[in-house]
Amino acid sequence: MNEIKLNIRDRRSCDVLVVGGGVSGIAAAVCAARYGMSVILAEKNCFLGGTATAGLIGTFMTCCDAKGEDQIIKGFYGELLDRLISEGSAVSPEKCKVGNSYSAYRIKGHKGVAPYSCEGLKKTAEEMCLESGVQLMYNSVLIACETAERQVKSAFFATDSGVFEISARYFIDCGGNAMLCHLAGCETVFGGKDGSVQPASMIFTIDGVDKKLLDAYMEDNPEMRKRFFMDEIEKGFADGSFPCGTKKLRIFEAPNGTWHVNMAQTDNAFNSLDPFETAAAAAEQRQQVGIIIDFLRRTIPALKNIRLLETASSIGIREGRRIVGEYTLTIDDLKNSVIFDDAILLCSNSVDMHQKSGVAYSTIDCEKNYSVPYRCLLAKEFDNLAAAGRCVSADRAALAAIRVMPPCFAMGEAVGTACAIAAKDSTALRDISIEKLRSRLKENGAYLG
Ligand SMILES: Cc1cc2nc3c(=O)[nH]c(=O)nc-3n(C[C@H](O)[C@H](O)[C@H](O)COP(=O)(O)OP(=O)(O)OC[C@H]3O[C@@H](n4cnc5c(N)ncnc54)[C@H](O)[C@@H]3O)c2cc1C
C-alpha cells in the first residue's frame with residue numbers, strides 16, 4: 001500500500017498531550033495542568049466524558065472499600081463528585097442505599113454508587129478543564145504519530161480544517177482503545193486468546209416509570225432483588241416474545257428523574273475495532289431498544305407507561321485494545337488483595353465478566369481491597385508515553401474490575417501527576433520517584449492504605 005502524505009495544516013506544542021476526553025483523560029489533563037503543565041486534551045467528540053456521557057452510563061460504580069463502609073477512591077473523583085452533587089447533577093452515595101432505585105435495586109456490590117446526569121458531567125468536566133488551563137481540542141481524531149528511539153515526538157489529528165500536529169514532552173493515551181500506543185508501535189492485546197471479548201451494550205434512557213409502584217414491588221418481593229424478572233425474561237426468550245437483550249432487568253434512576261436501561265446487547269461479541277462490525281452491532285442494538293421497551297411495558301406494571309428518551313450516541317464498549325505495559329495486573333493480584341509498593345489506587349470493585357445475551361454475567365466479589373500499580377500505566381517501549389483508563393495493562397478478568405469509572409478517574413489522576421513530576425525532574429516516566437508520586441496523590445486526597 002502507498003504511504004499517504006499528511007499535509008499539516010497547523011502545528012502546536014505542549015508539555016503534556018492527553019488523547020481522549022473520557023473520565024481518565026479528564027482527570028489526567030486537569031491534574032497535570034494544576035501542576036503548571038501546559039496541557040492539550042484532544043478528543044474526537046465535541047464534548048467530554050467518553051463512555052460516561054456518550055455511552056449514557058449514568059452511575060459511577062462504587063468507590064467504597066470491600067466492606068462498603070469507607071470511600072477509598074477520593075482525590076479528583078471525590079472533588080468532581082462533590083461538585084456534581086452541589087450542582088444537583090449527581091446523587092450523594094449516602095442516598096444510594098443498597099437495594100434502592102439508585103443502585104438498580106442491587107443488594108451486592110452497589111454500596112457507594114453515585115448516579116450522575118450526563119449533561120451535568122459534560123458541563124462540569126469542561127469547566128474544571130478550562131479552570132485549570134487545559135486547552136481543549138475537539139472534533140480531532142488521532143490518526144498517526146511520530147516516534148524516535150524511545151520518545152514519542154508528536155501526534156497527528158484529522159480535524160475539519162486539515163491535519164494538526166501536536167508535539168509534547170509527555171503523551172497520555174486515555175483513548176479507551178490504546179490507539180496512540182498502537183500507532184506508536186507498542187505491544188497491545190485485544191480480547192482473549194480464543195478471540196472472545198466482552199459484549200458491548202447500547203444504554204438508553206426512559207421516563208414514565210412509576211417509581212412508587214416499582215419501589216413497592218421490590219420491597220414486597222425481596223427475591224426480585226436477586227431474580228430481576230429473570231423468569232419472565234426466560235419465558236420471553238423461550239416463546240420468542242422477547243428474543244434479545246440481557247437476562248435480567250437492569251434499570252436505574254438518574255438524578256433528574258429519568259431512568260437508564262442497560263439491557264440491549266448483541267448476541268455475538270463483535271470486533272469493536274472494526275468500523276463495519278461496530279455499525280452493524282449499533283444498528284442491531286438500536287432495533288432491540290423498541291423490543292425491550294415493548295416487553296417491559298407488557299410485563300412490569302410499574303413500567304407500563306415508559307417512553308424512550310434517547311439511545312446512547314456511542315455503543316458502550318466494555319473491552320477494547322489494551323497495552324502490555326511494564327506490569328500486567330492479573331486476576332490473582334485482585335484475589336490475593338495485593339497492595340503493590342507503587343500502588344496508585346486502592347479499590348474493591350467486583351470482577352464483572354459480561355457474556356452473550358441470555359446468559360447472566362459472572363461476578364467475583366472481592367472480599368478485600370486490592371491495588372493498581374503505577375507500572376500498569378507505563379508503555380514499556382517508550383520513556384514519555386503512558387496510558388490510563390480501560391486501556392491499561394491488565395488481564396481480561398482484572399480489567400473487568402478496574403474498568404469502572406472511579407478507578408479510571410484515579411488512574412488518570414495518577415498519570416497526570418506523574419507527568420508533572422517527570423517534567424519537573426526531567427526524567428522518564430518510569431524513573432520518577434514513586435514516593436513523590438504517592439505523597440502528591442495522598443496530599444490531594446487519595447487513599448493508598
Ligand atoms: C455498557 C457499559 C456499562 C457500564 N456501566 C458502568 C457503571 O455502571 N459504572 C461505572 O463506573 N462504569 C461502568 N462502565 C465502565 C466505564 O463507563 C468505562 O470503562 C469508563 O468510562 C472508561 O473510561 P476511559 O476514560 O478509560 O475511556 P472512554 O470513556 O472510552 O474514553 C475514551 C475517549 O477517547 C476518545 N477517543 C477514542 N479514540 C480517539 C481518537 N482516535 N482520537 C481522539 N479521541 C479518541 C473517545 O471519544 C472517548 O471520549 C460501563 C461500561 C459499559 C460499556
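The dialogue that follows reads one protein chain and the shell around its ligand, feature by feature.

Biologist: What kind of model is this, and how are its residues numbered?

Modeller: This is a predicted model, in which local features need pLDDT of at least 70 and side-chain atom pairs count only at pLDDT 80 or more, while totals for chains, interfaces and linings use all residues. Residues are numbered from 1 along each chain as its sequence is written.

Biologist: What radius of gyration would a compact globule of 449 residues have, and what does the protein chain have?

Modeller: The radius of gyration is taken over C-alpha atoms, and the globule rule is 2.2 Å times the number of residues to the power 0.38. For 449 residues a compact globule would come near 22 Å, and the protein chain, at 21 Å, agrees with that. Along the principal axes, its C-alpha atoms fill a box of roughly 60 × 50 × 40 Å.

Biologist: How many helices and strands does the protein chain have?

Modeller: Helices (H or I, at least four residues) and strands (E, at least two) are DSSP runs, numbered from the N terminus; the protein chain has 13 helices and 19 strands.

Biologist: Which domains does the assignment give, and how many residues of each are in contact with the other?

Modeller: Domain bounds come from an automatic or database domain assignment, which here gives domain 1 (8–90 + 118–194 + 319–443) and domain 2 (201–311). Two residues are in contact if their C-beta atoms, placed from the backbone, lie within 7 Å; 17 residues of domain 1 are in contact with 19 residues of domain 2. The side of domain 1 that touches domain 2 divides into 6 nonpolar, 9 polar and 2 charged residues, where Ala, Val, Leu, Ile, Met, Phe, Trp, Tyr, Cys and Pro count as nonpolar, Asp, Glu, Lys and Arg as charged, and the others, Gly among them, as polar. The C-alpha centres of domain 1 and domain 2 lie 30 Å apart.

Biologist: Where does the ligand lie with respect to domain 1 and domain 2, and why?

Modeller: Because domain 1 and domain 2 both give residues to the shell around the ligand, it lies between them. A residue is near a molecule if its C-beta atom, placed from the backbone, lies within 6 Å of it; 39 residues surround the ligand, and the closest are G20, G22, G50, G176 and G389. By class, this shell has 16 nonpolar, 18 polar and 5 charged residues.

Biologist: Which element gives the most to the shell around the ligand?

Modeller: With 3 residues, α1 gives the most, and α1 (23–33) is one of the elements that each supply at least two residues, β10 (201–207) and α12 (405–425) among them.

Biologist: Is α1 buried or exposed?

Modeller: A residue is buried if 20 or more other C-beta atoms lie within 10 Å of its own, exposed if 12 or fewer, and partly exposed in between, with C-beta atoms placed from the backbone. In α1, 11 of the 11 residues are buried, so this helix is largely enclosed by the rest of the structure. Over the protein chain, 51% of the 449 residues count as buried.

Biologist: Which residues of α3 are buried, and what covers them?

Modeller: In α3, G75, F76, Y77, L80, L81 and L84 are buried, and what covers them includes α1, β3, α12 and α13 (434–443).

Biologist: What is A155 in contact with?

Modeller: A155 is found in strand β7 (residues 151–159) and is buried, with 26 other C-beta atoms within 10 Å. Leaving aside neighbours within four places in sequence, A155 is in contact with L17, V19, L142, C145, I166, F171 and L180.
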